[in-house]
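Grab a pencil and work through these short exercises with the structure open beside you. Try each task yourself before reading its solution.

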Amino acid sequence: METTFKIRAYGRMELAEVYLPDLHPRSAHRKLQHWIMIYPGLPGRLLSLGYHEGERVYSPAMVRAIIESLGEP
């Protein structure tokens, strides 16, 4: 199975829009943040990768952690 999703740095709204393209960007961001916060172990993993509250850009390592947890968009 070939994937078209590229692991790279993504802005928080940009990644949210990839996951939830039918929602308004702010709503998509809130929904993705909610998924991240309730997924077991993901918030801690992101913190260990350098994430902090108010982060505007997810590094490629953070994006990989999100994809491994939530699946590809």
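**Exercise 1: A residue in helix α4**

Ala 65 is buried, with a relative accessible area of 0%. Keep in mind that you're looking at a predicted model.

Task: Find out which residues Ala 65 touches, not counting residues up to four places away in sequence.

Solution:
- Step 1. Locate the residue: Ala 65 sits in helix α4.
- Step 2. Check the burial: the cut-off for buried is under 20% relative accessible area, and Ala 65 comes in at 0%.
- Step 3. List the partners: leaving out residues up to four places away in sequence, Ala 65 touches Leu 42, Arg 45, Leu 46 and Leu 49.
- Step 4. Try a distance: Gly 11 and Ala 65 are 54 residues apart in sequence, and their C-alpha atoms are 15 Å apart in space.

**Exercise 2: The two sides of helix α2**

Task: Work out which residues of α2 are buried, and which exposed residues are on the face turned away from the buried side.

Solution:
- Step 1. Get the helix straight: α2 runs over residues 25–38, which makes 14 residues. From first C-alpha to last it reaches 20 Å, close to the 20 Å expected at 1.5 Å a residue.
- Step 2. Pick out the buried residues of α2: Ala 28, His 29, Leu 32, Gln 33 and Ile 36.
- Step 3. Ask where they point: these residues cover an arc of only 130 degrees around the axis, so they are on the same side of α2.
- Step 4. Turn to the face away from that buried side: here you'll find the exposed residues Arg 26, Arg 30, Met 37 and Ile 38.
- Step 5. See what the buried residues of α2 pack against: α1 (12–19), α3 (42–48), β2 (57–58) and α4 (60–70).

**Exercise 3: Hunting for salt bridges**

Task: Say how many salt bridges the structure holds, and which parts the pair Arg 45 and Glu 68 ties together.

Solution:
- Step 1. Start with the idea: side chains of opposite charge can pair when their charged atoms come close.
- Step 2. Count them: the structure holds two salt bridges.
- Step 3. Take Arg 8 and Glu 14: their closest N and O atoms are 2.6 Å apart. Arg 8 is partly exposed at 32% relative accessibility, and Glu 14 is partly exposed too, at 33%.
- Step 4. Now take Arg 45 and Glu 68, whose side chains meet in a salt bridge at 2.6 Å, N to O. Arg 45 lies in helix α3 and Glu 68 in helix α4, so this pair ties together parts 23 residues apart in sequence.
- Step 5. Finish with accessibility: Arg 45 is partly exposed, at 36%. You've met Arg 45 before, among the residues that Ala 65 touches.

How values were computed. Residues numbered from 1 in each chain as written. Predicted model: local features only at pLDDT ≥ 70, side-chain atom pairs only at ≥ 80, totals over all residues. Heavy atoms only, no water. Helix = DSSP H or I, 4+ residues; strand = E, 2+ residues; numbered from the N terminus. Expected span 1.5 Å × (residues − 1). Buried < 20%, exposed > 50% of the residue type's maximum accessible area, 1.4 Å probe, protein only. Arc of directions from axis to C-beta. Contact = heavy atoms within 4.5 Å. Salt bridge = Lys/Arg side-chain N within 4 Å of Asp/Glu carboxyl O.
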